[in-house]
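Visitor: Got a minute to walk me through this one? I'd like to start with the sheet and then look at some helix packing.

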Amino acid sequence: MEILRNLYRRRLRTGLTVLGIAVGILSFTVMGAMAEKFNRLIDGGEAYFARRIAIHSVGGPLRLNLLGPEEIEVMKRTPGVRHVETQIMMALDETAGFELAPRFLVGINLPNFARAQLIAGEAARLRLARGSWWQPGDRGVTVLGSATAHKMNLDVGDILTARGMEFRVVGILEETLSVPDGWALIPEEDARTLLLADSALLREMGLDAVWTNAYALVDPGLGEEITETLARSLRRGYLLHSPEQLARAAGTASSLLNAAILGSAAIAVIVGALAVINTMFFAVSERTREIGIKKAIGADRWAILREFLAESLVIGLLGGLLGLGTGAVLIGALNGYMASEGTPVFLLTPRLALGSLGFAILLSGAAGVVPALRAANLDPVEALRAY
Amino acid sequence: MLVRHEAPSPEEQTMASQPLLRAEDLVKVYPMGVRALDGASLTVGRGEIVGIMGRSGSGKSTLLHILGCLDRPDAGRVWIDGIEVTRLADAALPAVRLRRLGFVFQSHNLVPSLTALENVALPLRYLRPRPKDAYRRAREMLEAVGLGDRLHHLPGQLSGGQQQRVAIARALVNNPALVLADEPTGALDSQNARTLMRLMRQLCQERGQTFIVVTHDPAVGQVCDRIYRMEDGRVVAG
């Protein structure tokens, strides 16, 4: 009670200091929420690719960057490869420009896709939120990723028009917080039709068994070794990424993001700590006589130290709550706006919220230590002379 | 007032026969060679009300600070209630002030952010009894100084005389053996000063407490049992 009254007694200064902490924690919360979201994306990607060796052609037949039946056969015969998943992938809307979650049409062969899902494991499985998968042989149908559905405002039964072709939406995938959220899965035959439609050359050559990318599914831990074998078997002109390489790349991205969080935390530290130190030094010098009286009537060093530390902790708590509250509102508003653009960019996790609040309190407490020690160490006679 | 049903122990009888306060040959030299105290000695018995008078700069406040364990002499010894406080470590002094001493200063005695009741309960808070008991005792003390209707007023809402009465209540709430007052009436008009001194005398007599008051106000001297004078850093009989 006394703490609150003391803070209220110099409310303008307290208010500004609390605001200083709040601004720091606001930036920490918002930046952290962005990092949490991207970390989640990276984790999702890592899970998806944990058992997949990604293979892209950077040459292939006539340097068209396509994979043909021979390459797929070579992969299938490579020891350790349990299955080869094939896709025909292309931009859903080539005129869309930059997108945070780029949307792709992904042509799949349903039995081939289903087997890959089975082998890839629980964590990498794509599940339906609504609707159902199409039946083998169906054409002009699609299952949408959650972000694609949301951004294009489509639901089961609606029609997706892409690259001049119409697809009836039969299912919507659960959110994965990863790449598949931006997909529209379509039958392989439709995808190949679209691919050939753009190329008279391919039509002329009768190259109807082609894919844009493939994944060799392997057992965990064998990725690196099999990638090497595959690279030798396929000779040149192919780009291979082992799960380990992807994990390393993801690790680098994570480190960069964590550095960004620490950067914003450092700003919070500097802004908040300076304000708290300043305010508490002011409080100590203003209340020197009061400290003298308290010491005269029997307060020991610890009692005085505790009193001033508690004040800085309360400043931290108020600033932390204000910063976190404002951050949560801002994140909600920004996510609402981003959702209409594709995918929300911020994720306020419980650990981030608790971390922000704890950080504010800890930081304020630490900043209050030196002023509190000064108060505790004041000579009572000197302190009593002050007015 | 303490009510006793048992006979005092031999140890207590010895203590009772000792003076409450004894100071011997106190010397305090400030930087630049100013000798604030130069062999000051003083003995005060239990239940006495003693005035210390003298010109400003005669060393009155320095003496009071040393007797109150707020400062240390460069030489000399002080016993309070049988304890040689000049031999105690710094860390032990707050406990002596808390349990055996009470202070009243000239002005600005109170913590501005605390109500009258909270100010009086402050020493008890450092002793950590149950908060309920602390506030009950603080209320009783405030009633004893005639401020039962001002419990929840902040110091800024009280007159100078009322503030000093709150300070007295706070000085007495712990039942200290010795109360030290430094110009307690310095900021009051003569009417208020007389009222305050009479109140202090009455409370000390009721509770058998010893009282040392530093003052240059002759009116204050009139309520004291004995008067000492400070001259050139020494205590002489008044």
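Guide: One term before we start: two strands pair if DSSP finds at least two bridges between them. And keep in mind that this is a predicted model.

Visitor: Fine. What's the strand order in the open sheet of chain B?

Guide: The order is 2-1-4-5, so to speak left to right on paper, and the pairing of these 4 strands is antiparallel.

Visitor: Which strands sit at the edges?

Guide: Strand 2 (34–44) and strand 5 (83–84) of chain B, each of which pairs on one side only.

Visitor: How many bridges join strand 1 to strand 4 of chain B?

Guide: There are 5 bridges between strand 1 (residues 21–30) and strand 4 (residues 75–80) of chain B. As for who faces whom, B:Arg22 is opposite B:Trp79 of strand 4.

Visitor: Which helix packs on the sheet?

Guide: Helix 2 (residues 60–67) of chain B does, touching strand 1, strand 2 and strand 4. The direction of helix 2 makes about 125 degrees with that of strand 1.

Visitor: Switching to helices. How do helix 4 and helix 6 of chain B pack?

Guide: Helix 4 (residues 116–127) and helix 6 (residues 160–172) of chain B have axes 7 Å apart, at an angle of about 30 degrees. Angles under 35 degrees count as roughly parallel, so helix 4 and helix 6 of chain B are roughly parallel to each other.

Visitor: Is their crossing left-handed or right-handed?

Guide: Right-handed.

Visitor: And which residues meet there?

Guide: From helix 4, B:Ala116, B:Asn119, B:Val120 and B:Pro123; from helix 6, B:Val166, B:Ala169 and B:Arg170. By class, that contact has 5 nonpolar, 1 polar and 1 charged residues.

Notes: Residues are numbered from 1 along each chain as its sequence is written. Chains are lettered from A and ligands numbered from 1 in the order in which they are written. This is a predicted model: local features need pLDDT of at least 70, side-chain atom pairs count only at pLDDT 80 or more; totals for chains, interfaces and linings use all residues. Side-chain values use heavy atoms; hydrogens and water are left out. Axes are lines fitted to C-alpha atoms, for helices over the stretch in contact, and angles run from 0 to 180 degrees between N-to-C directions. Helices (H or I, at least four residues) and strands (E, at least two) are DSSP runs, numbered from the N terminus. Angles under 35 degrees count as roughly parallel, over 145 as roughly antiparallel, 65 to 115 as roughly perpendicular and the rest as oblique. A crossing is left-handed if the near helix is turned anticlockwise from the far one by less than a right angle, and right-handed if clockwise. Contact means heavy atoms within 4.5 Å. Ala, Val, Leu, Ile, Met, Phe, Trp, Tyr, Cys and Pro count as nonpolar, Asp, Glu, Lys and Arg as charged, and the others, Gly among them, as polar.
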